[in-house]
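Q: Hi! Could you walk me through this one?
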There are 2 protein chains.
Amino acid sequence: MISEMPPGRAPSIRDVARLAGVSHQTVSRVLNNHPSIRDTTKARVLQVMEDVHYRPNRAARALGNGRSRTIGVLSASGSHYGPASSIAAIQDAAREAGYYVNMANLSAVDPESIEAALTHLMSQSVEGIVVIAPQVRVFDALEHMAIDVPFVTMQSTGRLDEHTLSVDQIAGARLATHHLIELGHRDIYHLAGPQDWIEAEARMRGFLDEMGAMDVPTTAPILGDWTAEFGYYAGREMLRVRDFTAIFSSNDQMALGLIHAVRDAGLDVPGDVSIIGFDDIPEAAHFWPPLTTVRQDFAELGRRCMALLLSSITDDQPVDYRDVITPELIVRGSTAPPSPYFR
Amino acid sequence: MISEMPPGRAPSIRDVARLAGVSHQTVSRVLNNHPSIRDTTKARVLQVMEDVHYRPNRAARALGNGRSRTIGVLSASGSHYGPASSIAAIQDAAREAGYYVNMANLSAVDPESIEAALTHLMSQSVEGIVVIAPQVRVFDALEHMAIDVPFVTMQSTGRLDEHTLSVDQIAGARLATHHLIELGHRDIYHLAGPQDWIEAEARMRGFLDEMGAMDVPTTAPILGDWTAEFGYYAGREMLRVRDFTAIFSSNDQMALGLIHAVRDAGLDVPGDVSIIGFDDIPEAAHFWPPLTTVRQDFAELGRRCMALLLSSITDDQPVDYRDVITPELIVRGSTAPPSPYFR
DNA sequence: TGCACAACTGTGACCGTGCACATCGAAGCG
DNA sequence: CGCTTCGATGTGCACGGTCACAGTTGTGCA
């Protein structure tokens, strides 16, 4: 059988057709599970495919019907735990749906890089785009370039709302803040994420909302960069004044740096300062002290993201994306009532 | 200009050609930077492209010349810091080289999942495959499926050597082990990675080699799963005997869990037990105590990986991949001489 | 002036698949 | 029994590029 194959070229449906004694179109129908193919015919074709190791040519397919079956993922900071987990879930979901995933990593956040990355994805003729851990500028680019494929993002932004799926970051931040207030803290700092980040903004909003609702006076949040390193140096700065008893950090890594700084200053967590994080990375349970934090289900987020995107690609009834994923407070050892000394 | 475009279809080179008053082949040549195109012609064509927002169709291109310009990345545990960093670097390098990156995530490590993921990538007609954080089974699958495109992996395996690029994991592990021995430790445990993992094996090998070379008797390494959680429980088990003064953990996360367990037992790191990790994740400097570890340059690894792969795709002179990246010992606060009590 | 040669551009086939439409035989039905 | 309907299959072309090859100029040189 195989000897009948022309050499030096992968078998095409016509080769398969010839060997199976049918037309290429019949082979095509077998490939696409067309209903009206006689079982015996189908079996024969499948057998030949097996024999010659036939693999459909995706490029030809895409060219023929204009569907690339590829979705693009635009990710900044893809090496962080949260985004990376979501990406993995997205890939699984995509593969399950028969889609391919093309990644574009954003090393810098200047408009040129963003446009370059989007152009890269568009030139792939992706059918949809997922924006991970988005920054405001990405949306500017998205609007500016008049991207004509569906896209979703994983955070709430206030605009472009039809494209948004999101963990309720605001609720999560309120949860964290409320926990601190409930413990008796009044002098609470918020170490936020970078200014440009939408999720940082949402968490900050949640913090401020809750503080306001509980009638606790607030100071301006400090803008960080998500890294433990920044948390450490920010902590050292903050400890020069020590006018607080608790810090709500916008992610777990910065919380780790804060703990380090507090301990370096000879103080105790949570004895002198309570610290709460956000995300619940797997390591958080093993920090010292184990970190009180807010858990987000990144994988579920990724899955829902894909579901939303796929439904808007295929124009099915849209899934209800307003069903936000509620984050969960995980109380561990890094928070406690304020020390009497401070009261 | 734009009004001359037929509606409902993206402009093709023939549309551009017509509007620019040239043949479609000339447009193609402009696209591919063919040298012999008159500058004025080129400018005219480019202008028309701009006007009609022409975007080359990648599928058609791939179909025409059989080159997909796509490379596949097969990654297990893509949400870990190391692999994720390498992946980001790979994506950057690929984009720079004009390649697209297709990801396949490996959620499970059974042969079926591996084959499914590889099939997925192959059906994309990728021109090359990068295997990240590979396990032995992945290689079995690679051999078994007779993958006919170049592939590289990021760890040394002993077989398939022409495809391998690697941080010298063995040297790194020896570095870590030597550091402990030099401090005076003799009773050293090794908490290794999962059995199936090639890099876990290499680190274990390095540990055993160095122990042997320094004539220190060893006990059998404990096989872990890379997580802090496992490190914690392994640590608790180990502390029931306490016949050691130092532990070399195969990665930083498990080291974190170990520290947690040691402290839970009322002991001090490094006073009672020295702990050294591997990888130098960004958080390691802010553990308590800051973790002594071995740094790997994941990004550089990713870049070299792509360089190797691209050179074997284009059949250029191969880069010298034997120029392994040497890991670096980072001494922080989690290691110290053994306590007199133990001597 | 003629000729070789390079620079530049055009023509038509082809890549592998899906689609629209045609065909053909068998079954259903009045 | 002829007509319709439907299931199963075949025919030819389109998709948007690239490739091989074939012109068509212009230029240098004998």
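A: Happy to, and one convention comes up at once: a residue is near a molecule or strand if its C-beta atom, placed from the backbone, lies within 6 Å of it. Helices (H or I, at least four residues) and strands (E, at least two) are DSSP runs, numbered from the N terminus. This is a predicted model, where local features need pLDDT of at least 70, side-chain atom pairs count only at pLDDT 80 or more, and totals for chains, interfaces and linings use all residues. Residues are numbered from 1 along each chain as its sequence is written, while chains are lettered from A and ligands numbered from 1 in the order in which they are written.

Q: Great. Which element gives the largest share of the surface near DNA strand C?
A: That is H4(A), with 5 residues. H1 (13–20), H2 and H4 of chain A, along with H2 and H4 of chain B, each supply at least two residues there.

Q: And which residues come nearest to strand C?
A: A:Ser12, A:Asn57, A:Ala60, A:Gly64 and B:Thr41, out of 28 residues around DNA strand C.

Q: What classes of residue make up that surface?
A: There are 9 nonpolar, 15 polar and 4 charged residues near DNA strand C. Here Ala, Val, Leu, Ile, Met, Phe, Trp, Tyr, Cys and Pro count as nonpolar, Asp, Glu, Lys and Arg as charged, and the others, Gly among them, as polar.

Q: Now the other DNA strand, D. Which element has the largest share there?
A: For DNA strand D it is H4(B), with 5 residues. H2 (24–31) and H4 (58–65) of both chain A and chain B each give at least two residues to that surface. Of the 27 residues around DNA strand D, the nearest are A:Ser23, A:Ser36, B:Ser28, B:Ala60 and B:Gly64. The classes there are 9 nonpolar, 15 polar and 3 charged.

Q: What does UniProt list for residues 11–65 of chain A?
A: An unreviewed UniProt entry lists them as "domain: HTH lacI-type". UniProt positions are given in the numbering used here, feature names are shortened, and annotations may be inferred rather than shown by experiment. In the model, residues 11–65 of chain A are 69% helix and 0% strand, with the end C-alpha atoms 20 Å apart.

Q: Switching topic: how many residues does each chain put into the A–B contact?
A: Chain A puts in 44 and chain B 45, where two residues are in contact if their C-beta atoms, placed from the backbone, lie within 7 Å. On the chain A side, H5(A) gives the most, with 8 residues. Others that supply at least two include S2 (100–106), H6 (111–123), H10 (228–238) and H11 (252–264) of chain A. That side of chain A has 19 nonpolar, 18 polar and 7 charged residues.

Q: What rotation superposes chain A on chain B?
A: A rotation of 180°, with 0.0 Å of shift along its axis and an RMSD of 0.1 Å. That is the relation of a two-fold axis. The same surface serves both copies, as 100% of the contact residues of chain A recur in chain B. The copies are superposed by least squares on the C-alpha atoms of residues with pLDDT of at least 70 in both.

Q: Nice. What is the strand order in the open sheet of chain A?
A: The order is S6-S5-S7-S8, with parallel pairing of its 4 strands; two strands pair if DSSP finds at least two bridges between them. S6 (222–223) and S8 (274–276) are the edge strands of chain A, each pairing on one side only. S5 (188–192) and S7 (246–249) of chain A are joined by 4 bridges, and A:Ile188 has A:Ala246 as its bridge partner in S7(A).

Q: What lies across S5 and S7 of chain A?
A: Helix H9 (198–213) of chain A, running at about 170° to S5(A). Axes are lines fitted to C-alpha atoms, for helices over the stretch in contact, and angles run from 0 to 180 degrees between N-to-C directions.

Q: Last one: where are the cis peptide bonds in chain B?
A: One joins B:Val269 and B:Pro270, with omega about 10°; B:Pro270 sits in the loop between H11 (252–264) and S8 of chain B. Another joins B:Trp288 and B:Pro289, with omega about -5°, and B:Pro289 is in the loop between S8 and S9 (293–295) of chain B.
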